[in-house]
Amino acid sequence: RIKARKIAAGDRTLNLLSAGCSTGEEIYTLAMLIFETGSFFWGWQLNLIGLDIDHKVLETARRGYYYERSFRMMDPAWKPRF
């Protein structure tokens with residue numbers, strides 16, 4: 001519904017915010033899901049933003065390096081791709 005409403009208004013931007021993103025797993029998961037949809041957002045401007053008050057966890061999010069436990073709920077086929 002959001003996509004249809006935005007298209008009707010001539011708006012092809014999608015802004016996603018992960019407030020309190022901690023080390024970034026959630027925002028990276030959203031990015032992977034959007035990537036997997038492929039043409040669903042083709043030609044759109046996508047802005048994914050993660051915010052947190054703790055600068056140390058944000059540095060982990062910026063690096064995008066995670067331990068094995070972060071992938072425990074992920075489809076194993078996705079792991080080598082992302």
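What is the volume of the largest pocket? I looked that up before anything else, and I got about 430 Å³. Note to self: this is a predicted model.

**Pocket**

I then asked which residues lie nearest the centre of the largest pocket. They are Glu-25, Thr-29, Met-32, Phe-71 and Met-74, out of 17 lining residues. I sorted the lining by class as well, and it came out as ten nonpolar, three polar and four charged residues.

**Overall layout**

Next I stepped back to the whole chain. I find three helices and two strands, and along the sequence they run α-β-α-β-α. The C-alpha atoms fit a box of roughly 40 × 35 × 20 Å along the principal axes. How much of the protein is buried? I get 22% of the 82 residues.

**Nonpolar patch**

On the surface I looked for nonpolar patches. One of about 280 Å² is made by Leu-17, Ile-49 and Leu-51. I followed up on Ile-49, which sits in strand S2, residues 45-51. Is Ile-49 buried or exposed? Neither quite: its relative accessible area is 43%, so I put Ile-49 down as partly exposed.

**Gly-38**

Where is Gly-38? I find it in the loop that runs between helix H2 (25-37) and S2. Gly-38 has a relative accessible area of 36%, so it goes down as partly exposed. I also checked its distance to Asn-15: the two are 23 residues apart along the chain, and their C-alpha atoms are separated by 17 Å.

**Salt bridges**

How many salt bridges are in the whole structure? The search gives four. The general idea is that side chains of opposite charge can pair when their charged atoms come close. I went through some of the pairs one at a time.

Lys-6 with Asp-11: the closest N and O atoms are 2.7 Å apart. I wanted to know why Lys-6 counts as buried. Its relative accessible area is 18%, and the cut-off for buried is under 20%, so Lys-6 falls inside that class. Asp-11, its partner in the salt bridge, has 27% and is partly exposed.

Glu-36 with Arg-81: this salt bridge is 2.6 Å, N to O. Which parts of the chain does the pair link? Distant ones: Glu-36 is in helix H2, while Arg-81 is in the segment after helix H3 (55-63), 45 residues apart. I checked exposure for both. Glu-36 is partly exposed at 33% relative accessibility, and Arg-81 is also partly exposed, at 48%. Why does Arg-81 not count as exposed? The exposed class needs over 50%, and Arg-81 has 48%, so it stays in the partly exposed class.

Arg-62 with Glu-59: here the closest N and O atoms are 3.6 Å apart. Both residues lie in helix H3, three residues apart, about one turn of the helix. Arg-62 comes out as exposed, at 58% relative accessibility, whereas Glu-59 is partly exposed at 38%.

**Recap for the page**

I have a pocket of about 430 Å³ with Phe-71 and Met-74 among the residues nearest its centre. I have a nonpolar patch that includes Ile-49. For salt bridges, I have one pair within helix H3, Arg-62 and Glu-59, and another, Glu-36 with Arg-81, that links distant parts of the chain.

Note on methods:
Residues numbered from 1 in each chain as written. Predicted model: local features only at pLDDT ≥ 70, side-chain atom pairs only at ≥ 80, totals over all residues. Heavy atoms only, no water. 1 Å grid on protein atoms, 1.4 Å probe; cavity = no way out; pocket = protein on both sides within 12 Å on 5 of 7 lines; lining within 4 Å. Points joined across faces, edges and corners; volume = space filled by probe spheres on them. Nonpolar A, V, L, I, M, F, W, Y, C, P; charged D, E, K, R; others polar. Patch = residues over 30% accessible without salt bridge, like charges linked within 9 Å, V, L, I, M, F, W, Y side chains within 5 Å. Areas by Shrake-Rupley, 256 points an atom, 1.4 Å probe, with all protein chains shown as cover. Salt bridge = Lys/Arg side-chain N within 4 Å of Asp/Glu carboxyl O. Helix = DSSP H or I, 4+ residues; strand = E, 2+ residues; numbered from the N terminus. Buried < 20%, exposed > 50% of the residue type's maximum accessible area, 1.4 Å probe, protein only.
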